Amino acid sequence: MAVTVTDVDGHGLLAADVIGQLRGALTAASLVAEGPARALEVRGLYARTIDGVENITVSTAFIDQGRGTITYGSAGPPACVLADGWNRRVLGPGPR
């Protein structure tokens, strides 16, 4: 399973169109990539072909319930995971 959070500068129809295209590209890349970092690299290559893409952030996590693991990738600020009664854990660089 993959979980993704993304944002793009702007608002209105153009921003919604860009987010839709990037979401589709990341979904496709996630199906074949070996991990979230590679999926984000592929999505980044695609983003360079879209007019109106200037500032985007995205975090994605691959969750393997069978193994009990989460593999995480981010293009932007680090994300945090809330678990066990709202205890915070920052993933990636940044305050812990």
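Thr60 is buried in this predicted model, with a relative accessible area of 1%, well inside the cut-off of under 20%. This threonine belongs to strand β2. Setting aside residues up to four places away in sequence, Thr60 touches Val3, Thr4, Leu26, Pro36, Leu40, Thr71, Tyr72 and Gly73. Among these partners, Leu26 is one of the buried residues of α1, while Pro36 and Leu40 are among the buried residues of α2. The C-alpha atoms of Thr60 and Ile70 are separated by 10.0 Å, with their positions 10 residues apart along the chain.

The neighbouring position in the numbering, Ser59, also lies in strand β2. Ser59 has a relative accessible area of 14% and therefore counts as buried. From the C-alpha atom of Ser59 to that of Ala37 the separation is 9.8 Å, although the two residues are 22 residues apart along the chain.

It helps to place this strand in the chain as a whole. The secondary structure comprises 2 helices and 5 strands, and the elements follow one another from the N terminus as β-α-α-β-β-β-β. Of the 96 residues in the chain, 28% are buried. Among contacts with a separation of 6 or more, 43% join residues that are 24 or more positions apart.

Helix α1 has 21 residues. From the first C-alpha to the last, α1 reaches 31 Å, close to the 30 Å expected at 1.5 Å a residue. Its buried residues are Ala15, Val18, Ile19, Leu22, Ala25, Leu26, Ala29 and Ser30. Viewed down the axis of α1, these residues fall within an arc of 135°, so they line one face of the helix. The spacing makes sense in light of a general rule: an α-helix has 3.6 residues a turn, so residues three or four places apart point the same way. On the other side of α1, Leu13, Arg23, Leu31 and Val32 are exposed. The cover over the buried residues of α1 includes β1, α2 and β2.

Two polar side chains of α1 make a useful pair to examine. Ser30, located in helix α1, counts as buried because its relative accessibility is 17%. Beyond its neighbours within four places in sequence, Ser30 is in contact with Ala39 and Phe62. Gln21 also has its place in helix α1, but this glutamine is partly exposed, with a relative accessible area of 26%. Apart from residues up to four places away in sequence, Gln21 touches Tyr46 and Ile50. The C-alpha atoms of Gln21 and Tyr46 are separated by 9.2 Å, and the two residues are 25 residues apart along the chain.

Helix α2 can be described in a similar way. Its 12 residues should span 16 Å at 1.5 Å a residue, and the C-alpha atoms at its ends are indeed 16 Å apart, so expectation and model agree. In α2, the buried residues are Pro36, Ala39, Leu40, Arg43, Gly44 and Ala47. They cover an arc of only 140° around the axis and therefore sit on the same side of α2. What covers them includes β1 (2-8), α1, β2 (56-64) and β3 (69-75).

Arg43 deserves a closer look within this set. This arginine is found in helix α2, and at 5% relative accessibility it counts as buried. Not counting residues up to four places away in sequence, Arg43 touches Thr6, Leu22, Ala25, Leu26, Ile56, Val58 and Ala75. Of these, Leu22, Ala25 and Leu26 are among the buried residues of α1.

The two helices also meet each other. The axes of α1 (residues 12-32) and α2 (residues 36-47) come within 9 Å and cross at roughly 140°, and the crossing is right-handed. On the α1 side, Gln21, Leu22, Ala25, Leu26, Ala29 and Ser30 take part, meeting Ala39, Leu40, Val42, Arg43, Tyr46 and Ala47 of α2. The residues of this contact divide into 9 nonpolar, 2 polar and 1 charged. Arg43 is thus both a member of the helix contact and a buried residue of α2.

Key
Residues numbered from 1 in each chain as written. Predicted model: local features only at pLDDT ≥ 70, side-chain atom pairs only at ≥ 80, totals over all residues. Heavy atoms only, no water. Axes fitted to C-alpha atoms, helices over the stretch in contact; angles between N-to-C directions. Helix = DSSP H or I, 4+ residues; strand = E, 2+ residues; numbered from the N terminus. Left-handed = near helix turned anticlockwise from the far one by under 90°. Contact = heavy atoms within 4.5 Å. Nonpolar A, V, L, I, M, F, W, Y, C, P; charged D, E, K, R; others polar. Expected span 1.5 Å × (residues − 1). Buried < 20%, exposed > 50% of the residue type's maximum accessible area, 1.4 Å probe, protein only. Arc of directions from axis to C-beta.
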